[in-house]
Amino acid sequence: MEAMRGLQYLSNKGIVRLVREERERIVHTEKGKGYVGEKLPERRILDALKTGPKRIDELPVTKEEFSGVIGLLKKEGLVRFEKGVLTLTEKGKGYVFPWERCYETLRCLDDESYRILNRRGLVTREREVVWYAEPEPLLFEVLPHVRDDLVDAVTPELLRSGSWKGKEFRAYDVVSPIPKRAYGKRQPYYEFLRRVKDRLYALGFQEEEPGEIVLPMFWNSNALFMPQDHPASDIHDIYFVSAPKTHSDVPPEWKEYMERVKRVHERSWGYKWDDEKACRLVLRSHATALSAFLLASKPKIPGKYFTVSRVFRPDEFDYKHLLEFNQLDGVVLSDDISFRDLLGLLKDFAREFAGTDRVKFKAGYFPFTEPSVELFVKHPEKGWIEIGGAGMFREELLEPFDINVPVIAWGLGIGRFAMMELGITDIREFYSKRLGYLRSARKIWGV
Amino acid sequence: MPKYDVRQEDLERLVGRKFSVEEIEDILFDLKAELDDYEDGIITVDYSDTNRPDMWSAEGLAREMRGYLGIETGCPTYDVRPSGEEVHVDSSVQTVRPVIAAAIVRGVNLGAAGYEQIIQLQDKIMLTYGRKRKRVAIGTHNADLISFPLRYTTAAPDDISFVPLWENREMTLREILEFTEKGRQYASLLEGYERYPVLLDASGKVVSFPPIINSNDIGNIGPETKNIFIDVTGTDERAVLTALNAVVAALAERGGSIESVRVVYPYRTVETPDLTPKTFTIHKSYAERIAGLRFTDDEFRTLLEKARYGVKDVKGDAWTVLYPAYRADIMHERDVVEDIIIAYGYNRVEPKLPKFMTKGGASEYTKLEDAVKELLIGTGAQEIATFILTSRSVLERAKHVPVVVLQNPMTETFSLVRPALFPTVMDFLSANTGEDYPQRVFEAGDVVVSDSKSPTGTRTEQHVAYALADSSVTYTDVRQVLEFLLDQLGVPYELRAKDYPFYIPGRSAEVVSGETVLGHVGEVHPEVLESFGIEMPTAAFELSLSKILEVIR
């Protein structure tokens, strides 16, 4: 490798010309290597028979070796094989196979010998690339100036002795290509998510601690005013959990809030609440589920909170859809906020995440907010695209948590931004299994 | 999100004005809808609200557009005349499908467009609002072919037969469930019942077999049908009545006059439909506070009327309004406030920013995760991202036991929630055996572990897993990384020799801090490597970051 780099350098300078030649070479196989420096089985048999006829089991070869060469020995008329006993013929007495002389180097192997050894699995042909360096006229000009009094590698010995003093160092080729090497770094999609968080900190949002993935339907949906067995709860599909088994009774931890939520549902939606359905275990299907926990945790008011959380939904798995993805969701609680503040916040998000002031608001529908709004931004090629949904939490939702100030709730579709920023068209690349891609993907650093 | 088609021409006739497609797109946008597609004069509307079945047809959309454009404002009213006809309800329906409501609409001019709309409206209501016919199913019939009174009762599967819609022979109820398309589609709704609901007319003819299918003669309406009988059955009376109101109000928009039908239950009688506007009281100051806008009384009245409310009475701040009976979505003043802002125009509202200041910051977990990532990247490791959902096969090969199993997975590949990161990290290495070694990788993320003390039997934790694969890798190589990490984080810890099924016996340890188990470290067992097709010695560790947070606090 070092030599090659040196020659490459000389070739770049026009001192030598590099010629590439591809050729075939005969080499030993793994099995064949075993006999280098040893006697081949045929030689061992012939030598052993010099002291008289032998039974097969008396020969210094394995069964496999024996069956590999016996045909050869008989065909050449070197042995006689009768009643399990092997006898050397006259011809066999001084016979030497042509390949025996050059088995180690394989230099003088004739075609027939190669054929025989190859069939026995001892040798094979291998392609190899050979580089020749041919002198260019320039070589003879520079040759007289080549010096052998230069310092090569800097070693501890050299430093201790100080023998470098007064000498020149041999110059390296510091520009020709060298093999690339990978070092440690962040995963590109996770890095993107981390930078999203930074933007929210800067906008004054406090990040929530991670939440539970396995939730009862109650915390995932009903606590957000999504009724049981009603189209308002069908806004997306949900994964149900078959193990561990769902409790048959309402666990004491959930009892208090469940009673309160049940009362509100029965009053407002007008249906009969079913505890069993509320306790069914599901995988968190939207990040808004974390907001219910936040409201139950007596948050500081006024306050701005957010979370980036993995959510799970049964869907197709293709370049546009994942079965699990990250949602960015948050809430703002304050005595003096209104729908206008909600729109102002969304406009800020559009500027921060989509880099545009061209926004449009559409009346939306979410079971947990009223009024509800969808945020659209103008994309230079794709036209108006939806990038988020928001609204003000319904009072029926806030009532069980004793929250009596307006609460803005919002969610942004960060998957789309991530695809744009990472320059990918297949969303599955977020979780790329290709180490080569992760090693070479450019770092996101904000410019 | 219900999507439905309307003909532009039909919509324009119903609204009483012509529009460009762009205009319609803008108006829809302001009315909670999107123009999903436009082709050959047919507009596909994507309407967001699953709670407003009255809006899922050209008639309802046109009614709302007239208000929005100021062509016709205030609460729509409908005259309902009693038809004098009755439906007698047998007590046997109580267990299987207890509720029925009915109406007759006479003199309607459907035409091709109206016919399409009424069929589409029924389908959309039954599918979404009706929860695939479980909660609500609707039948429309030719009223001229029915002899009243009707009987809503039940029959055994083989007792009764009739020619179902679009079929050409008589079939028993059992045969219908078995052999017709709709029968097979909805048979599960009647599973386990010995008797099925049927609606019979006075002459004993079958009008319909709810929620499955109508009869082919009575229940087959066409563009020319003038007098229509509607039955709605279901399990939830409020939903059944709302659906009936939405359908008859739509037919009334096409010139039909509505007649009510008396539904006689064993112990009570209900006259349906009841389209008397409902009343609701809203406070102007509340609306102003939520919207962040100020309204004069006149403005407020105009906005309410554009949103198709009628103002009945104003007492100071309290406004009593009327709203049409096909709406069942008004539960709180908020619902009216949203309609007022929609009438005002979402895009006319001037955005502002909250005045109060807050300090933003990272969660405790993110702070820890950042530190861990920085330290591990410092060892030259590449961070990786894997899915939280995994397969039984990956867990088995990594010798881990499943904790959370999904009931309705889309594919076996994603059918379990990972209980640890080790299996998904091994799976990652397994996909990269052709890449350059050494391979030093780590991931930090969610896992769900078993926890008998939690009400879900599980607990979500955040873990970190680190693996190093190279031609010569030993326990010491990763133990050094582990100790570097814990020392740097200031976590007191000790190692205790312990065997794990996925590590080589005698070459792994448990990492503990006091009595808290933080994780494990070891040389991966060749059996595990072989099952993942990895031909490089590999050593790894996994730690619970959630536990580390507990210990540090």
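Two strands are taken as paired if DSSP finds at least two bridges between them. On this basis, in the predicted model, 7 strands of chain A form an open sheet of mixed pairing, ordered β6-β10-β11-β15-β14-β13-β12. The sheet is bounded by the edge strands β6 (206-207) and β12 (359-363) of chain A, each of which pairs on one side only. Strands of a sheet pair through backbone hydrogen bonds, in either a parallel or an antiparallel manner. Within the sheet of chain A, strand β13 (residues 369-379) and strand β14 (residues 383-393) run antiparallel and are joined by 9 bridges. In this pairing, A:S372 stands opposite A:G391 of β14(A).

Helix α13 (residues 288-296) of chain A lies across three strands of chain A, namely β10 (303-312), β11 (324-333) and β15 (407-412). Relative to β11(A), helix α13 runs at about 40 degrees.

A helix pair was also identified in chain A, in which α9 (residues 188-202) packs with α16 (residues 414-422) at an angle of about 120 degrees, the axes being 10 Å apart. At this angle, α9(A) is therefore oblique to α16(A). The crossing of the two helices, α9(A) and α16(A), is right-handed. On the side of α9(A), the contact is made by A:P188, A:Y189, A:F192 and A:V196, and on the side of α16(A) by A:I414, A:A418, A:E421 and A:L422. Classified by residue type, the contact of α9(A) with α16(A) comprises 7 nonpolar residues and 1 charged residue, with no polar residues.

Terms used: Residues numbered from 1 in each chain as written. Chains lettered and ligands numbered in written order. Predicted model: local features only at pLDDT ≥ 70, side-chain atom pairs only at ≥ 80, totals over all residues. Helix = DSSP H or I, 4+ residues; strand = E, 2+ residues; numbered from the N terminus. Contact = placed C-beta atoms within 7 Å. Axes fitted to C-alpha atoms, helices over the stretch in contact; angles between N-to-C directions. Parallel < 35°, antiparallel > 145°, perpendicular 65-115°, else oblique. Left-handed = near helix turned anticlockwise from the far one by under 90°. Nonpolar A, V, L, I, M, F, W, Y, C, P; charged D, E, K, R; others polar.
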